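Here are a few notes to go with your first look at this model. Keep the viewer open and follow along.

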Amino acid sequence: MVEKSLRIGVLSDTHLHRVSGEFKDLVDHYLADTDAIFHVGDFTSPRILEYLSRRPFYGVCGNMDPLEIKARLPEKCVVELGGYRFGLVHGWGPSEGLEERVSDVFSKVDVIVYGHSHKPVSRVREGVLIFNPGTACGYSAAGLHSVGILECGESVRGEIVRVDS
């Protein structure tokens, strides 16, 4: 049963060593009206995790995260919000086949949220929304910087939001 509609802001692969003014502006501008935030790994600094944790927050660690983050966050998890089940995982290995690998990690979820490739993805595969927000800052394999928004109501819709000026 679907509860009230909600908006979830999604980040991945921020690769920041500190909470910069630019990062604060990005969160304040693009994620201000979200009910929760997901970050699917490669924070690279516990300061980013602490900053995001001031709001309703769910996350997993990535391959580039220090031991302090890996001790605080799981490699994968299932979050139930708004009547939906979200599988969160960072991802691993080459970009080729990544979507298939992360899809195999979860069963009985409505959405799989992953990162690692720095390439935004929002598509339905076998009835499951497969969602990667890309990267909001730093190196972008896709040539753009982006965050994700998951709109949850009668269904879940994923939106990639470009954040480049």
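1. Let's begin with a side chain that has backbone company. In this predicted model, a polar atom of the asparagine 132 side chain sits 3.2 Å from the backbone oxygen of glycine 115. A polar atom of that side chain also lies 2.8 Å from the backbone nitrogen of glycine 134.

2. Where does asparagine 132 belong? Its place is in strand β8, which covers residues 128–132.

3. Is asparagine 132 buried or exposed? Its relative accessible area is 0%, and buried means under 20%, so asparagine 132 counts as buried.

4. Now for the neighbours. Leaving aside residues up to four places away in sequence, asparagine 132 touches Tyr114, Gly115, Ser117, Lys119, Pro120, Val121 and Ile160. Gly115 is also the residue whose backbone oxygen came up in the opening point.

5. Next, have a look at the sheet. It is an open one made of 5 strands, with the order β3-β2-β1-β9-β10 and mixed pairing. At its edges are β3 (57–59) and β10 (156–162), each pairing on one side only. On average, neighbouring strands here are turned by 25° against each other, if you ignore direction.

6. Zoom in on one pair in that sheet: β1 (residues 6–11) and β2 (residues 36–39) run parallel and are joined by 4 bridges. Look for glycine 9, which stands opposite isoleucine 37 in β2.

7. Last, find helix α1, residues 21–30. This helix lies across β1, β9 (146–152) and β10, and runs at about 25° to β9.

How values were computed
Residues numbered from 1 in each chain as written. Predicted model: local features only at pLDDT ≥ 70, side-chain atom pairs only at ≥ 80, totals over all residues. Heavy atoms only, no water. Helix = DSSP H or I, 4+ residues; strand = E, 2+ residues; numbered from the N terminus. Buried < 20%, exposed > 50% of the residue type's maximum accessible area, 1.4 Å probe, protein only. Polar contact = N/O pair within 3.5 Å; in protein donor to acceptor, adjacent residues only side chain to side chain. Contact = heavy atoms within 4.5 Å. Pairing = 2+ DSSP bridges. Axes fitted to C-alpha atoms, helices over the stretch in contact; angles between N-to-C directions.
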